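Welcome, and thanks for taking a look at this model. Let us walk through its parts together, beginning with a pair of strands and ending with some individual residues.

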Amino acid sequence: MLLTLDTTRRDRLTFYGYARETTPRLQALADSGMVFEDAISVHTNTAPAHASMLTGLYPRSHAVERNTDALADEVETLPEILREHGYDTAAFISGRTLRRRTGLSRGFDVYDDMVETAWRRNGRGTVDAAVAWLESRTGERPFFLWVHLFDVHYPYQPPQELLRVFLGERAPAKLPHARGLKTQRRLSPEQVEAVEAGYDAAILYADHHLGRLLNAIADRQIAETFIALTADHGETLHERDWAFDHGARVTDEQIRVPLVLCCRSPGSRIAGQVSVVDVMPTFLDVAGLPAPAGISGRSLLAAEPAGAPRPVFSHARPERERVPELPAELAERLVEKGLIDAVRVPPHKLVAWPTSDGGRALQLFDLESDPGETRDVAAEQPRRVQALGALLEQWRASTRVAQAAAAPALSPEDEEALRALGYIE
Ligand SMILES: [Zn+2]
């Protein structure tokens with residue numbers, strides 16, 4: 001079973017050391033399994049990141065480089081392989097960015113992308129549907145179930161009683177909602193506190209409903225079910241100008257995600273850097289099936305190879321307006337086409353921004369001495385920039401650029417929903 005929490009950054013979960021208790025139910029899952037300390041997503045948009053979890057490939061290879069793209073025809077997906085080997089497969093998703101037209105439905109017997117409102121379904125509804133499916137199953141066939149919850153995605157609108165868990169009497173009757181909040185121009189300190197607590201309360205809400213799903217699994221005595229819990233990307237909260245946002249930066253608060261495998265090696269904490277491309281080969285490993293040739297991911301249950309730390313790669317979309325901290329000289333040259341590329345080899349990260357002359361502007365960050373990624377040290381460390389730049393180029397050359405399948409045209413309501421979410425202009 002694959003559980004994905006949209007927009008959930010690692011450091012806001014109690015089992016990663018957060019002071020608030022946001023994950024009382026998932027704590028038990030983490031205690032019974034392997035917790036990955038440094039799991040990195042491939043992209044800060046929903047569909048590309050999920051496509052990588054289901055294919056073991058980076059976005060350049062599976063072709064979902066934006067939420068509006070569709071999976072390349074020739075790419076094999078995890079549910080397709082499992083179904084061929086006798087698994088029942090079902091997916092219950094909660095956000096319009098993962099609707100059927102992305103091609104992510106391939107290989108699922110059931111792909112429930114119903115949404116209650118224009119563009120999202122709350123965790124209660126999605127988990128109800130997933131539990132109903134579990135209850136409807138008969139026979140002994142193994143299953144692969146993917147449940148995606150969207151509650152932690154902006155605008156954070158948790159139930160009032162959960163907001164009160166963190167704010168008590170100070171909880172406002174209604175959280176601010178307007179997109180203008182992202183620029184923070186109209187935010188008071190009280191509002192910032194409330195919106196951040198809203199984010200935390202949304203995690204608590206998701207935790208509660210995933211708890212119901214885990215209970216349903218336990219009740220049906222399918223406790224041996226292998227479970228991976230992760231997120232597609234994180235979120236910039238109030239730490240930067242242009243706040244409460246994701247998709248336009250490759251900063252750690254957006255690409256570091258939770259990752260738990262249950263129930264394997266209870267209580268272990270894995271320090272080495274891994275990527276969400278590893279999700280697919282890990283499930284295949286559990287199923288005793290070989291991974292397709294040429295994928296970028298590798299099983300997280302295999303011993304970590306010795307030697308140099310493993311580089312991982314991430315993308316975001318270049319959008320000047322949403323990165324006000326970008327130096328003016330770079331902002332002027334930035335083109336809002338293609339993708340931002342980043343290679344992360346702790347403690348360093350090299351970020352490559354596409355520029356108007358067809359080249360790339362490089363920034364280097366030292367994640368150890370500057371965890372907020374506020375100081376570009378590229379000019380001070382030219383040799384490191386060159387080495388990481390070469391790694392990035394090698395990766396670009398080795399990840400085949402796949403041809404996206406012709407995605408069906410967007411319906412007017414899809415278009416409106418994507419605009420509401422800020423994914424298209
Ligand atoms: Zn997402």
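How many bridges join strand S12 to strand S13? There are 7 bridges between S12 (residues 348–354) and S13 (residues 360–366), and the two strands run antiparallel. Please keep in mind throughout that this is a predicted model.

**The hairpin of S12 and S13**

S12 and S13 make a hairpin, with 5 residues between them. In its turn you will find Gly 358, which has a positive phi of about 85 degrees. To follow the pairing by eye, start at Lys 349, whose bridge partner in S13 is Phe 365.

Asp 366 also belongs to strand S13. Is Asp 366 buried, exposed or partly exposed? Asp 366 has 18 other C-beta atoms within 10 Å, so it counts as partly exposed. Leaving aside residues up to four places away in sequence, Asp 366 touches Pro 347, His 348 and Val 377.

**Strand S5 and its partners**

Now turn to strand S5 (143–149). S5 is mostly covered, with 6 of its 7 residues buried. Two strands that pair with S5 can be traced here. Strand S1 (residues 2–5) pairs with S5 in the parallel sense over 4 bridges, and within that pairing Leu 5 has Leu 149 of S5 as its bridge partner. Strand S3 and S5 pair in the parallel sense as well, over 5 bridges; there, Asp 88 is matched with Phe 143 of S5. As a general guide for looking at such strands, side chains in a regular strand alternate between the two faces of the sheet.

**Helices H5 and H6**

Helix H5 (residues 123–136) is 14 residues long. From its first C-alpha to its last it reaches 20 Å, close to the 20 Å expected at 1.5 Å a residue. Which residues of H5 are buried? They are Gly 123, Thr 126, Val 127, Ala 130, Val 131 and Trp 133. These cover an arc of only 155 degrees around the axis, which puts them on the same side of H5. On the other side of the helix, Ala 132, Glu 135 and Ser 136 are exposed. The cover over the buried residues of H5 includes strand S3 (88–92), strand S4 (110–112), strand S5 and helix H7.

Helix H6 (residues 160–167) has Leu 162, Leu 163 and Phe 166 as its buried residues. Seen down the axis of H6, they fall within an arc of 100 degrees, so they line one face of the helix. What do these residues pack against? Their packing partner is helix H7 (189–219). Just after H6 comes Gly 168, which takes a positive phi of about 55 degrees.

**A buried loop residue and an exposed helix residue**

Ser 94 sits in the loop between S3 and S4. Ser 94 counts as buried because 30 C-beta neighbours lie inside 10 Å. Setting aside residues up to four places away in sequence, Ser 94 touches Arg 120, Arg 121, Gly 123, Thr 126, His 148, Leu 149 and Phe 150. Of these names, Gly 123 and Thr 126 have already appeared among the buried residues of H5, and Leu 149 as the S5 partner of Leu 5.

Glu 329 is placed in helix H10 (residues 328–333). With 8 other C-beta atoms within 10 Å, Glu 329 is exposed.

The table sets sequence separation beside C-alpha to C-alpha distance for three pairs of residues.

| Pair | Apart in sequence | Apart in space, C-alpha to C-alpha |
|---|---|---|
| Asp 366 and Leu 350 | 16 residues | 9.1 Å |
| Glu 329 and Trp 119 | 210 residues | 38 Å |
| Ser 94 and Phe 365 | 271 residues | 35 Å |

**How the two domains meet**

Finally, step back to the whole chain. The protein is divided into domain 1 (2–309) and domain 2 (312–398). Taken over C-alpha atoms, the centres of domain 1 and domain 2 are 26 Å apart. The contact takes 25 residues from domain 1 and 21 residues from domain 2. Which elements give two or more residues to the side of domain 1 that touches domain 2? They are strand S2 (34–40), helix H8 (252–255) and strand S9 (268–275). By class, that side of domain 1 has 9 nonpolar, 8 polar and 8 charged residues.

Methods
Residues numbered from 1 in each chain as written. Predicted model: local features only at pLDDT ≥ 70, side-chain atom pairs only at ≥ 80, totals over all residues. Buried ≥ 20, exposed ≤ 12 C-beta atoms within 10 Å, placed from the backbone. Arc of directions from axis to C-beta. Contact = placed C-beta atoms within 7 Å. Domains from an automatic or database assignment. Nonpolar A, V, L, I, M, F, W, Y, C, P; charged D, E, K, R; others polar. Expected span 1.5 Å × (residues − 1). Pairing = 2+ DSSP bridges.
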